[in-house]
Amino acid sequence: MSNLSVNTITDASGGSTASINGLTPQASNMQPHNWIINGAMEVSQRGTSFTSSSAIYTLDRWKSQARAGATVTTTQEANQIVDGFNLKVLQFSVTTPASDSLTILNHYVENAGINLYGKTLTVSWYAKITSGSATVQARFEGNNATQFSSNTSALTGDWQRFSYTFVFTGYTYPPSYDHGRLMFYFTGASAHTIQITGVQLEAGSTASSFAHENYGDTLSKCQRYFQIVEAHNRFRAAGTSHIYTNTVNYFVEMRAIPTTSKSGGVVSNIGLEGLNSVTTRAFRYELTNTSAGDAYQLGRIVSLDAEL
């Protein structure tokens, strides 16, 4: 194997068409790999505002966790210029703090042990406070137990970039539980509002510039864990109790067989409505009419959940 050490490689034609193994180096394809999905807070299929006193998924891949006695409202906020980047923002408003003043924002990393165990990792993020006062601490959990914790930092009214580097070891591998969890611990004794975005987890000991990704790519990654499909079914029957079936395919294959829930839409002359033969790629919609004639179910929203 040969090594080439140079300071600059210049395109012979004076343009930007030089390639390496057929790939033309560009900012978009030379970015670090970010193990956080939706770190730019762009995708929010479930809605844009969530109030809870427990742990719930909010923006895609992000789970807000209110501690005992706390009330937390999580919202997706409009784009802001953050360190030169145009990013959406996750806002975390605590109106009633928990008894220990702690609220948590979680992100689960699938197969962290297989992909990341034994490596030096760096997590980085942008955060600020818009009301009240609070601190932030990043933690990474492996095997549902072993934790690595950053220093606790005070938040200000200006965007700051924080980073934390650690070596992901400390338990017997392979573990019984192979996923990782990135956690942000926000601590404030009184009501406060925090904003966070540009979250990145990468291999190496240095926080690289935030790796941007187009919306479609991020959405597809999110839909592996959660997606919403809209079902439209209509048929005519000469008698009662006729069964109509239709296969509904997902946008992308899901991580596991999802749990399903349905809501909304317009339903007429339907007695039984079932989601059957659910797989990681599709389900079968089964409808039974109550009387002869036109029967339909239009605009039915089906949520598919395969989160970790």
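Below are questions and answers on a few local features of this predicted model.

Residues are numbered from 1 along each chain as its sequence is written. Local features need pLDDT of at least 70 and side-chain atom pairs pLDDT 80 or more, while totals for chains, interfaces and linings use all residues; side-chain values use heavy atoms, without hydrogens and water.

Me: With which side chain does the side chain of Gln-80 make a polar contact?
Reply: Gln-80 lies in strand 4, residues 71–82 (strands are DSSP runs of E, at least two residues, and helices runs of H or I, at least four, numbered from the N terminus). A polar contact is a pair of N or O atoms within 3.5 Å; within protein, one must be able to donate a hydrogen and the other to accept it, and residues adjacent in sequence count only if both atoms are side-chain atoms. At 3.1 Å, the partner is the side chain of Gln-195.

Me: Over what arc do the buried residues of helix 2 spread?
Reply: In helix 2 (residues 215–223), Thr-218, Cys-222 and Gln-223 are buried (under 20% relative accessible area, 1.4 Å probe, protein chains only). They sit on the same side of helix 2, because the arc they cover, taken from the directions from the helix axis to the C-beta atoms, is only 135 degrees.

Me: Which strands stand at the edges of the open sheet 15-19-18?
Reply: Three strands form this sheet, with antiparallel pairing; two strands pair if DSSP finds at least two bridges between them. Seven bridges join strand 15 to strand 19. Each edge strand has a single partner, so one side is left without a neighbour in the sheet; these are strand 15 and strand 18.

Notes
Buried means under 20% relative accessible area, exposed over 50%, partly exposed in between (1.4 Å probe, protein chains only).
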